Amino acid sequence: MSPVGSPEHSWRAADLHDALFPLRKERGWSGSPQGPSICIEGPRDSFSPDYVLTPPDCSRWGDELLSSGVIMAAEVVSPTSTLADRVTKPRLYALGRVPVYLLIDPIAEPPAVTVYSNIQDGKYCTTTSVALGKRIHLPSPIDFELDTSMIRV
């Protein structure tokens, strides 16, 4: 298990949760900063994303959510998680068929938000990035315009 991180790290995940409130309410989806854990189907690796968005009937593997039932996983990059969040997790979330991976990267120059989507052959084929503070489209199955100015830098 990884350390929780700085207060700012947790606050960014909570900011994302708040920004997605209208979407969650409209569609009856659940969202949670700091978990629950996701079991990556195939290798059965387990991750606790900084944020997870799910339908109410998300499939499970014991107490963990099955990756193919998750709508979106999101990570907030910190100095100790750069390789995992930028390289390892996009590969594993795509392999586990998580349709959308959102990467909030406040330590990039400039701070950025990246959306990974469109899985083909176990890899995300579409990557879209904007500067943190701009709007970014979260593609299907979400189809929502996320205002990243709600996420603190």
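This is a guided tour of one protein model, with a suggestion at each stop of what to select next and what is there.

Before you start, keep in mind that the model is a predicted one, and that residues are numbered from 1 along each chain as its sequence is written.

**Stop 1: the six-stranded sheet**

Begin by colouring the strands β1, β4, β7, β8, β9 and β10, which in that order make up an open sheet of 6 strands with mixed pairing. If you look for the edges, you will find β1 (residues 30–33) and β10 (residues 123–131) there, and because each of them has a single partner strand, one side of each is left without a neighbour in the sheet. Neighbouring strands of this sheet are turned against each other by 15 degrees on average, when direction is ignored. As background to what you are seeing, the strands of a sheet pair through backbone hydrogen bonds, and they may do so in a parallel or an antiparallel way.

Now narrow the selection to β7 and β8, which run parallel and are joined by 5 bridges. Within this pair, select Met-72 and look across to β8, where Val-100 stands opposite. Then add helix α3, residues 82–95, which lies across β7, β8, β9 and β10 and runs at about 170 degrees to β8.

**Stop 2: the largest nonpolar core**

Next, show the side chains of Leu-16, Leu-20, Met-72, Leu-102, Leu-138, Ile-142 and Leu-146, which touch the most other members of the largest nonpolar core, a group of 24 residues. Several elements give two or more residues to this core, among them helix α1 (7–19) and the strands β4 (51–54), β7 (72–76) and β8 (100–105). In soluble globular proteins, nonpolar side chains tend to be buried together.

Which residues does Leu-138 contact, once its neighbours within four places in sequence are left aside? Centre the view on Leu-138 and you will find Leu-20, Met-72, Leu-102, Val-115, Asp-143, Phe-144 and Leu-146 in contact with this residue. There is also a second, separate core of 17 residues, and to find it you can select Ile-40, Val-77, Val-98 and Tyr-101, which are included in it.

**Stop 3: a hairpin**

Asp-143, one of the contacts of Leu-138, leads to the next stop. Select β11 and β12, which pair in the antiparallel sense over 4 bridges and form a hairpin with 5 residues between them. In the turn, look at Asp-143, which has a positive phi of about 50 degrees. To follow the pairing itself, pick Ile-136 and then its bridge partner in β12, which is Leu-146.

**Stop 4: the four-stranded sheet and its cysteine**

Move on to the strands β3, β2, β6 and β5, which in that order form an open sheet of 4 strands with mixed pairing. Here β3 (46–47) and β5 (60–61) stand at the edges, and since each has a single partner strand, one side of each is left without a neighbour in the sheet. Strand β2, residues 38–39, runs antiparallel to β3 and is joined to it by 2 bridges.

Select Cys-39, which stands opposite Ser-46 in β3 and is buried, with a relative accessible area of 1%. Why does Cys-39 not form a bond with Cys-58? The sulfur of Cys-39 is 11 Å from that of Cys-58, which holds the closest cysteine sulfur, and this is too far for a bond. A search of the whole structure finds 0 disulfides. For contrast in exposure, select Cys-125, which is partly exposed at a relative accessible area of 45%.

**Stop 5: the aromatic rings**

A search of the whole structure finds 4 aromatic pairs. Select Phe-47 and Tyr-93, whose rings form an edge-to-face pair, 5.9 Å centre to centre and with 65 degrees between the planes. Phe-47 lies in strand β3 and Tyr-93 in helix α3, so this pair ties together parts that are 46 residues apart in sequence. Both Phe-47 and Tyr-93 are buried.

Then select Tyr-116 and Tyr-124, which form a tilted pair at 5.9 Å centre to centre, with 50 degrees between the planes. Tyr-116 is buried at a relative accessible area of 14%, and Tyr-124 counts as buried at 12% relative accessibility. Finally, add Tyr-101 to the selection, and you have the cluster in which ring pairs link Phe-47, Tyr-93, Tyr-101, Tyr-116 and Tyr-124.

**Stop 6: a loop residue**

End the tour at Ser-78, whose place is in the loop between β7 and α3. Is Ser-78 buried or exposed? At 17% relative accessibility, Ser-78 counts as buried, and, not counting residues up to four places away in sequence, Ser-78 touches His-9, Asp-85 and Ile-107.

Conventions
Predicted model: local features only at pLDDT ≥ 70, side-chain atom pairs only at ≥ 80, totals over all residues. Heavy atoms only, no water. Disulfide = S-S within 2.5 Å. Buried < 20%, exposed > 50% of the residue type's maximum accessible area, 1.4 Å probe, protein only. Core = buried A, V, L, I, M, F, W, Y, C linked by side-chain atoms within 4.5 Å. Contact = heavy atoms within 4.5 Å. Pairing = 2+ DSSP bridges. Axes fitted to C-alpha atoms, helices over the stretch in contact; angles between N-to-C directions. Phe/Tyr/Trp six-rings, centres within 6.5 Å; stacked < 30°, edge-to-face > 60°.
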